[in-house]
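The exchange below sets the values computed for one model against the definitions they depend on. Each answer ends in a conclusion.

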Amino acid sequence: MGNPEMCKEDGLVLPEAGPWAKTKHIKIQYYFQLFSTSMKKKWKTRVYIDLFASAGKARIKSTNEIIPGSPLLALEIKDQFDNYIFVEKDQEYIGALKKRIDSLFPNQNCSYINGDCNLQVKSIISAIPSFDRINNGLSLCFIDPYNSNQLNFNTIREISKIYVDFLILIPSYMDINRNEHAYIKEDNPTLDLFLGTDKWREDWRKNRTNYNKFGLFIADYFCIQMKNLGYIYNNLSDMELIKMEVDQNLPLYHIAFFSRNKLGYKFWMETKKNTTKQFDLCFDEE
Ligand SMILES: C[S@@+](CC[C@H](N)C(=O)[O-])C[C@H]1O[C@@H](n2cnc3c(N)ncnc32)[C@H](O)[C@@H]1O
């Protein structure tokens, strides 16, 4: 897999990304492919929703390399989704994303929503085709915020009312653990909104010795909140920890997958197992 055009300069905006974005992309694209191909026969319509879509391409700070972002990776798979919904707060980024998709994937059924995903829930839900027993459909929602203050659990709660699986990046170490001193303050609502409850504070006081890091506790708490919505979650090992490969193996964030269906969960376990080795998403130009 790998269209060389997706890794070329095209004169449009290129947000910066860390080198670890490549590891994330290998895993998510593997999952998108597995999900879409396996669900093709079972479901008439498969919908991809990207709540933090960005610009479609990014530049890795340290190497200057251009890499395709999550929307292009989701479009590039063999058995494409039937509908794509992209949400992005930054107007320039979503404009660049649309131009890139128009040029690289001109025949796809894509909707673009410019705005804060937490304030656009109604528009997001109305962009999803309506399904019934005969015309059935399944959605995959990818959620990739930089920080916990960019996502409200209520957004997930609302979207989960349709038939949807989630693939979520939890910024457990790069944000939550690093900012424990700020988030722990009684008057800081960031994690109350991220977790959809303020009860975590009491649980942290009671259970902190069971977790060696605050970020790990919050990631586990987030997954338990998903379990409360009916999604399968067994324990911390359901998630995958992404580390910074160069700098002393520093942990950065967790990737977690949530389905109410055992098959979706099984695919995630397969993805975890089969994406531990790195490979390049773009072919070298000869
Ligand atoms: C980590 S980047 C996403 C990268 C992208 N998923 C990829 O893999 O190529 C986060 C993006 O979310 C956007 N963003 C931040 N807060 C947002 C919000 N509340 N709603 C929608 N977009 C948001 C940022 O402008 C940024 O482009």
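Q: What makes β2 largely enclosed by the rest of the structure?
A: In this predicted model, five of the six residues of β2 are buried, so the strand is largely enclosed by the rest of the structure. A residue is called buried if 20 or more other C-beta atoms lie within 10 Å of its own.

Q: How do you know that β2 and β7 pair?
A: Two strands pair if at least two bridges are found between them. Six bridges link β2 and β7, and the sense is parallel. One of the bridge partners is G137 in β7, which is matched with T45. The strands therefore meet the criterion for a pair.

Q: What joins β2 to strand β5?
A: Four bridges join β2 to β5 (residues 83-88), and the two run parallel. N83 in β5 is the bridge partner of V47. With at least two bridges required, β2 and β5 therefore count as paired.

Q: Why is the sheet that contains β2 called open, and which are its edge strands?
A: Seven strands make up this open sheet, in the order β6-β5-β2-β7-β8-β10-β9, with mixed pairing. Its edge strands are β6 (110-114) and β9 (240-244), because each of them pairs on one side only. From one strand to the next, the twist averages 15°.

Q: How do you know that β7 and β8 pair, and in which sense?
A: Five bridges connect strand β7 (residues 137-143) with strand β8 (residues 164-170), in the parallel sense. L140 has D165 in β8 as its bridge partner. Since two bridges are enough, β7 and β8 therefore form a pair.

Q: Which strands make up the other open sheet, and what makes two of them edge strands?
A: An open sheet of three strands has the order β1-β3-β4, and its pairing is mixed. The edge strands are β1 (16-17) and β4, each pairing on one side only. Between β1 and β3 there are two bridges, in the parallel sense, and E16 stands opposite R59 in β3. The threshold is at least two bridges, so β1 and β3 still qualify as a pair. Helix α1 (residues 21-39) lies across β1, β3 and β4, at about 25° to β4.

Q: Why is S54 called buried, and what is notable about its phi?
A: S54 has 23 C-beta neighbours inside 10 Å, and the cut-off is 20 or more, so S54 counts as buried. It is placed in the loop between β2 (45-50) and β3 (57-60). Its phi is near 65°, a positive value in a residue other than glycine. S54 is also listed among the residues closest to the ligand, including F52, G69, S70 and K89.

Q: Why is N64 called exposed?
A: N64 has 8 C-beta neighbours inside 10 Å; exposed means 12 or fewer, so N64 counts as exposed. N64 is found in the loop between β3 and β4 (66-68), and has a positive phi of about 70° although it is not a glycine.

Q: Is Q150 buried or exposed, and how do you know?
A: Q150 has 20 other C-beta atoms within 10 Å, and 20 or more is the requirement, so Q150 is buried. It belongs to the loop between β7 and α5 (153-159). The C-alpha atoms of Q150 and N118 are separated by 8.2 Å, with their positions 32 residues apart along the chain.

Q: Why is L229 called partly exposed?
A: With 16 other C-beta atoms within 10 Å, L229 falls between the limit of 12 or fewer for exposed and 20 or more for buried, so it is partly exposed. L229 lies in the loop between α10 (214-228) and β9. Leaving aside residues up to four places away in sequence, L229 touches R157 and S160. L229 and I156 are 73 residues apart in sequence and 9.4 Å apart, C-alpha to C-alpha.

Q: What makes the protein as compact as a globular protein of its length?
A: The secondary structure comes to eleven helices and ten strands. The radius of gyration is 18 Å, close to the 19 Å that the globule rule gives for 286 residues, so the protein is as compact as a globular protein of that length.

Terms used: Residues numbered from 1 in each chain as written. Predicted model: local features only at pLDDT ≥ 70, side-chain atom pairs only at ≥ 80, totals over all residues. Near = placed C-beta within 6 Å. Rg over C-alpha atoms; globule rule 2.2 N^0.38 Å. Axes fitted to C-alpha atoms, helices over the stretch in contact; angles between N-to-C directions. Contact = placed C-beta atoms within 7 Å.
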